[in-house]
Amino acid sequence: MKVLAAMSGGVDSAVAAARAVAAGHDVTGVHLALARNPQTFRTGARGCCTLEDSRDARRAADVIGIPFYVWDMAERFHADVVDDFVAEYAAGRTPNPCLRCNEKIKFTAVLDRAVALGFDAVVTGHHARLGPDGLLRRSVDLPKDQSYVLAVLTREQLDRSIFPLGDSTKAQVRAEAAERGLAVADKPDSHDICFIADGDTRGFLAGRLGEAPGDVVDASTGAVVGSHTGAYAYTVGQRRGLHLDRPAPDGRPRYVLSITPTTNTVTVGPAEALEVSQVHAERPVWTGGTRPDVPVECEVQLRAHGEVVPATVALDGDRLHAELRRPARGVAAGQAVVAYRPDPAGDVVLGSATITG
């Protein structure tokens with residue numbers, strides 16, 4: 001099979017490409033240039049969009065012995081991921097840019113181009129599994145599992161995807177990279193958001209949205225207990241960095257409960273006020289079988305690396321509704337709700353949708 005290996009410059013994608021070659025595929029490596037100015041992105045192997053990463057990917061391809069190219073996706077990435085990230089925060093939501101990048105760039109723009117060029121599939125270094133049944137499952141390395149950010153993929157996209165690392169732990173991947181002589185064997189994992197060079201999300205958003213002073217209001221009393229310079233800098237469940245003028249009457253910590261862009265208000269309250277028993281979402285993608293017309297008993301994950309909660313999920317047109325068996329905290333609009341079915345061969349991704357409330 002003729003496959004395209006997306007090589008970020010990290011250890012995972014390098015080993016994935018090497019395993020694809022070992023499996024007998026005709027492999028070509030490609031690095032995605034996502035930065036309009038790569039020198040403005042973080043260095044020191046902390047991102048996935050730097051000149052250093054491009055060079056590391058090229059060196060890995062040379063060691064593996066495969067052709068290598070760089071595809072410029074900067075404008076598409078900026079429009080579909082960076083601009084979307086800013087717009088979502090401006091609307092009071094909390095987006096997941098890695099999820100959006102998978103949806104819009106790696107498995108839409110890249111896969112579409114790959115198929116047009118005659119490739120049969122795209123290989124990536126994501127820690128997730130695709131079984132013989134074609135179903136997406138969690139990685140065996142649960143702390144590194146990335147099925148949550150892949151749950152936005154359609155059945156057609158999964159049918160043209162290969163995830164060679166899902167049956168290995170990260171430690172095994174690093175050991176294999178060292179055995180293969182790949183210089184990225186000990187390269188640190190990427191962290192934070194790749195397009196925010198200094199890791200300062202609040203400063204990044206302020207530079208694009210400007211300062212917009214407003215009130216921080218206590219949910220129980222309606223009193224103004226602080227001020228902010230931009231509601232976009234907050235997310236539901238946040239506790240630190242609130243800079244409140246007065247403590248709660250009972251002395252307990254307060255958390256962000258909601259963000260209202262129309263009034264530029266951040267509402268805070270006690271931890272228990274964060275608890276929700278229902279989750280509503282839009283734009284569902286159902287890949288775990290036939291789209292159900294009756295409620296499904298399953299488990300849901302509401303944030304990347306978040307806890308798993310038993311739930312009943314129902315689809316209604318372009319909406320998804322989840323009744324949680326136990327309350328969950330910190331559920332933020334803009335994140336994904338991902339439904340899983342427990343399975344002896346590994347939890348199966350049933351589908352996902354974008355949380356609205």
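## Aromatic cluster, charge–ring contacts and internal cavity

Ring pairs join Phe77, Phe85, Tyr89, Phe195 and Phe204 into a cluster. The model described here is predicted. Across the structure, six aromatic pairs are found.

One of these pairs is formed by Phe77 and Phe195, and its geometry is edge-to-face. The ring centres of Phe77 and Phe195 are 6.0 Å apart, with 70° between the planes; an angle over 60 degrees counts as edge-to-face. Phe77 belongs to helix 3 (residues 74–90), whereas Phe195 lies in the loop between helix 7 (170–179) and helix 8 (201–209). The pair therefore ties together parts that are 118 residues apart in sequence.

Phe195 also pairs with Phe204. Here the ring centres are 5.6 Å apart and the planes stand at 55°, so the pair is tilted.

Are these phenylalanines of the cluster buried or exposed? Phe77 is buried, with a relative accessible area of 1%. Phe195 is likewise buried, at a relative accessible area of 6%. Both values fall under the 20% cut-off for a buried residue. Phe204 is buried as well.

Two basic side chains lie over aromatic faces, as the table sets out.

| Charged residue | Ring | Distance from the ring centre |
|---|---|---|
| Lys2 | Phe119 | 4.8 Å |
| Arg113 | Trp71 | 4.7 Å |

The report now turns to internal space. A search of the whole structure yields one cavity of 30 Å³ or more. The largest cavity holds about 50 Å³ of space. Which elements give two or more residues to the lining of this largest cavity? They are helix 4 (97–116) and strand 17 (348–355). Strand 17 provides the largest share of the lining, with three residues.

The residues that line the largest cavity are Asn96, Leu99, Arg100, Val152, Gly334, Gln335, Ala336, Ser352, Ala353 and Thr354. Sorted by class, this lining comprises four nonpolar, five polar and one charged residues. Among the lining residues, Arg100 is of the charged class, while Leu99, Val152, Ala336 and Ala353 are of the nonpolar class. Asn96, Gly334, Gln335, Ser352 and Thr354 are of the polar class, in which Gly is included.

Definitions and conventions:
Residues are numbered from 1 along each chain as its sequence is written. This is a predicted model: local features need pLDDT of at least 70, side-chain atom pairs count only at pLDDT 80 or more; totals for chains, interfaces and linings use all residues. Side-chain values use heavy atoms; hydrogens and water are left out. On a 1 Å grid over the protein atoms alone, a cavity is a set of points where a 1.4 Å probe fits but cannot get out, and a pocket is an open set with protein on both sides within 12 Å along at least five of seven lines; lining residues have an atom within 4 Å of a point. Grid points are joined across faces, edges and corners, and a volume is the space filled by probe spheres set on the points. Helices (H or I, at least four residues) and strands (E, at least two) are DSSP runs, numbered from the N terminus. Rings of Phe, Tyr and Trp (its six-membered ring) pair if their centres lie within 6.5 Å; planes under 30 degrees apart count as stacked, over 60 as edge-to-face and the rest as tilted. Buried means under 20% relative accessible area, exposed over 50%, partly exposed in between (1.4 Å probe, protein chains only). A charge sits over a ring if NZ of Lys or CZ of Arg is within 6 Å of the ring centre and within 35 degrees of the ring normal.
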